[in-house]
Amino acid sequence: MPTWRGIIEEYREFLPVTDKTPIVTFGEGNTPLIFAKNLSKETECEVYLKFEGANPTGSFKDRGMCMAITKTVEKGFKAVICASTGNTSASAAAYAARAGLDCIVIIPKGKIALGKLSQAIMHGAKVFEVDGNFDQALELVVKMGEKYPIDIVNSINPFRIEGQKTGAFEIVNQLNGRVPDYHFIPVGNAGNITAYWKGYKEYKDKGKIKSLPKMMGFQAAGSAPIVLGHPIEKPETIATAIRIGNPASWKQAEAARDESCGTIDMVTDDEILESYRYLPSKEGIFCEPASAASVAGLKKTFKAGKLKKGSLVICILTGHGLKDPDCAINQGAKTYKVPCKVEAIVKELGY
Ligand SMILES: *Cc1c(COP(=O)(O)O)cnc(C)c1O
């Protein structure tokens, strides 16, 4: 047996499974919690990055999908469907392939990151690009689910939240029982902030921890319905994974914010891109643009003087940088074209 058995076996007592549940797993979870030296110095806090890009399909979506698809199989469905801006479909397609289920993916027109699309296709999903935004794609999925025996694995599926809450358990365990003071996280459909808050609260109810973190959610400025207080018809942001105008878990996210005395705020695309470049170059960790919203949020909070010095801070890096290679290349990455000669290279290096 592998020493890490995936989120369901590791956290069985917190999850809706029985001895008979047929578990579908890739050994997801157990992602690195990495001390961020430069970021800690800059923000005068003790900052750790939870690198969810290290999950089997490269994003935190695997935690929820493991649980959701396990329940799909238990319920006896033969097919799953989701609307997706990318990572949900990549994860659904992989778990469906493993379980021998058909996978139907509805993607909004344009702007899907290449890495994610290639995963869905290679795992054998049927991918439909529709001329609508994410919210319209989700409406279509709901209609399909009502009419046909197809299990919906979008975040309206309650088992997704159950699986994703295991991230909170892991953080506490990796910190040897310490509880973060602040938990920074990107917010799109708001399932993940909901899930982490649920996880922390369950650990407290079980007596495993005594305090709770402040939940610090960050939306992209062009897609910030919760911050602005109304749905956004045409959400825009470079961070496609959080380009959501009407979050499915809106109310739950507000509850997490209010119960934890935290905040849900927004960061501009420029702030997101600054952190998106900072993390791989200064901390050695490459995440996708949406993930950088958590660190951009931390920096913004620090600059506003709202961060208590010396705090224990977690930033969730939700997905891997390789998911969206176009975005990386568009950051002005350049190669040096030189003759194949030592002198030519040394000259560029300025040695
Ligand atoms: C899905 C996703 C998000 C947003 O999570 P929500 O649960 O929708 O708020 C953020 N980052 C990445 C990389 C994602 O895939």
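How many salt bridges does a search of the whole structure find? The count is 23. The model is predicted, and the stops below take in several of these pairs and one helix packing.

**Stop 1: E46 and R178.** Select these two residues and show their side chains. They meet in a salt bridge, with N to O at 2.9 Å. The pair links distant parts of the chain, 132 residues apart. E46 belongs to strand β2, residues 46-51, while R178 sits in the loop between α8 (166-174) and β7 (182-186). Switch on the surface to see how far each partner is covered. E46 has 23% relative accessibility and therefore counts as partly exposed, the buried class being under 20%. R178, at 38%, is also partly exposed.

**Stop 2: E52 and R63.** Next, select E52, in the loop between β2 and α3 (61-75). Its side chain forms a salt bridge with that of R63, N to O at 2.6 Å. R63 lies in helix α3, so the salt bridge ties together parts that are 11 residues apart in sequence. Are E52 and R63 buried or exposed? E52 is buried, with a relative accessible area of 0%, and R63 is buried too, at 1%.

**Stop 3: K300 and D265.** Move to K300 and add D265 to the selection. The closest N and O atoms of this salt bridge are 3.3 Å apart. K300 is in helix α13 and D265 in strand β9 (residues 263-267), so parts 35 residues apart in sequence are tied together. K300 is partly exposed, with a relative accessible area of 28%.

Before leaving the salt bridges, select K50, E52, R63 and E170 together. Salt bridges with shared partners join these four into one network, which takes in the E52 and R63 pair from the second stop.

**Stop 4: α12 against α13.** K300 also leads into the last stop, as one of the α13 residues that meet α12. Select α12 (residues 269-283) and α13 (residues 289-303) as ribbons. Two packed helices are described by the angle and the distance between their axes. Here the axes come within 7 Å and cross at roughly 100°. That angle falls in the range 65 to 115 degrees, so α12 and α13 are roughly perpendicular to each other.

Now show the side chains of the contact:

- From α12: E271, I272, E274, S275, Y276, Y278 and L279.
- From α13: P289, A292, A293, V295, A296, K299 and K300.

Colour the contact residues by class: nine are nonpolar, one is polar and four are charged.

Notes. Residues are numbered from 1 along each chain as its sequence is written. This is a predicted model: local features need pLDDT of at least 70, side-chain atom pairs count only at pLDDT 80 or more; totals for chains, interfaces and linings use all residues. Side-chain values use heavy atoms; hydrogens and water are left out. Axes are lines fitted to C-alpha atoms, for helices over the stretch in contact, and angles run from 0 to 180 degrees between N-to-C directions. Helices (H or I, at least four residues) and strands (E, at least two) are DSSP runs, numbered from the N terminus. Angles under 35 degrees count as roughly parallel, over 145 as roughly antiparallel, 65 to 115 as roughly perpendicular and the rest as oblique. Contact means heavy atoms within 4.5 Å. Ala, Val, Leu, Ile, Met, Phe, Trp, Tyr, Cys and Pro count as nonpolar, Asp, Glu, Lys and Arg as charged, and the others, Gly among them, as polar. Buried means under 20% relative accessible area, exposed over 50%, partly exposed in between (1.4 Å probe, protein chains only).
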